[in-house]
2 protein chains.
Amino acid sequence: MTGHSATPGHSPTPDAAPAPRPARRTQRARDPQARRAALAAATMEIIAEAGAGRTTHRAVAARAGLPLGATTYYFPTRDDLIAAGLRHATERLRADLDEWAGRLTAAADLPAELTELTREYLADRRQVRIEYELCLAAARDATLRPITDVWMNGLPAILAPAVGPDAARDIGALLDGVILRALVTGTDLDAPGLAAAIRRLIR
Amino acid sequence: MTGHSATPGHSPTPDAAPAPRPARRTQRARDPQARRAALAAATMEIIAEAGAGRTTHRAVAARAGLPLGATTYYFPTRDDLIAAGLRHATERLRADLDEWAGRLTAAADLPAELTELTREYLADRRQVRIEYELCLAAARDATLRPITDVWMNGLPAILAPAVGPDAARDIGALLDGVILRALVTGTDLDAPGLAAAIRRLIR
DNA sequence: TTCGTACTTGTACGATCGTACAAGAAAACG
DNA sequence: CGTTTTCTTGTACGATCGTACAAGTACGAA
């Protein structure tokens, strides 16, 4: 994070001499809800790129194109900021899972369809990284655990009606591991191998 | 990381006035190799507790009971420090895996023994956290990937002779996922469920 | 023993951080 | 309309960071 580009249009000299004539200030149109969402989305991106531990108010502000004060107004502490970014990521995951539920219930060959969905999920490694960043953050900070509920139980809940609760849980764990390995090695998914493993777990 | 305890016995006033009389300085006995190892071990601990992104030279120095300059002498940049900590963690993992290999080849019931080993591995959550911290760091920085080799291929290599390469890989991924889920939820392992899943993956 | 190298330690500098806050502008409300 | 509240923005402060370095000590080679 050496030398992050300056936020355009803001104070050119942060710690300068106090100007006795403040003059007029321009503000943009207000939309607090959208602003909060934009900040959460920007935070999510920074977490994916730099990691939760290296995510700062200033980096988020620069990414969102907003002044520093905007981040601290909506998320006063760094913990607030991180939590918002992670929560935003799980909301996106929830949306993905809704699509998964639809395609899986309509699929003739469930293991094949699940494998294909995994392949598509792996296309955006940045998104995947955040999920694991969330896991690590939750492992360290128990107050974040409610956010991980979607991640932990989302897929098993979808699969359980079709394959039973035990197999659903096993497949969920298997997918977590497979995705993690693809993430670390940077390699593509071994689709036939995954489909075969899923079939074995079903029975 | 607010208010980390001061390193004992060192400079009481870091940025003080320059003393014209430096007086005598005491140094402890030298053992560069041991020092490097102690620093790597301390780094590993800090990574487990604070995360790789929040690991600093100063925190490591304080943990090791050494002056700041000791950390920057052996690991000049932060990246060097993190890499050393992660490498140290994989060396410890390698030692664990050697024990795993012995017990697994001697086991009458491989799935049961593997489940028991996993249960024991989960006893030290700090160690587990580092492994996943390593995964995330490697996912972001490709130069760290060689360090992850033990983690990725260690267990499958042990299992392959007994169950074949495909099942070995699947079981490795399943275990990664199961461990991750236990880490995040903070719950204990579902031993019977895991053993059953392993058996299904073997055939 | 002398010398050179490797190591130790304390200190320093500039950058960046979390967080706080005052001054103003928009919107909500009466 | 005026007032109150909410939001915006720029700026500031003290702490901590990565990194560099000079001065000094231990130790192996000669």
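Q: What makes 32-78 and 87-202 the two domains of chain A?
A: Domain bounds come from an automatic or database domain assignment. For chain A, domain 1 is 32-78 and domain 2 is 87-202. Their C-alpha centres lie 27 Å apart. This is a predicted model, where local features need pLDDT of at least 70 and side-chain atom pairs count only at pLDDT 80 or more, while totals for chains, interfaces and linings use all residues. Residues are numbered from 1 along each chain as its sequence is written, and chains are lettered from A and ligands numbered from 1 in the order in which they are written.

Q: What makes two residues count as in contact?
A: Their C-beta atoms, placed from the backbone, must lie within 7 Å. Between the domains of chain A, 8 residues of domain 1 and 7 residues of domain 2 take part in the contact.

Q: How many residues on the domain 1 side of chain A are called nonpolar, and why?
A: Ala, Val, Leu, Ile, Met, Phe, Trp, Tyr, Cys and Pro count as nonpolar; Asp, Glu, Lys and Arg as charged; the others, Gly among them, as polar. The side of domain 1 that touches domain 2 has 6 nonpolar, 2 polar and no charged residues.

Q: Which chains are in contact, and with how many residues?
A: 33 residues of chain B are in contact with 33 residues of chain A. Helix 8 of chain B gives the most to its side, with 13 residues. Helices are DSSP runs (H or I, at least four residues), numbered from the N terminus. By class, the chain B side has 17 nonpolar, 7 polar and 9 charged residues.

Notes. Helices (H or I, at least four residues) and strands (E, at least two) are DSSP runs, numbered from the N terminus.
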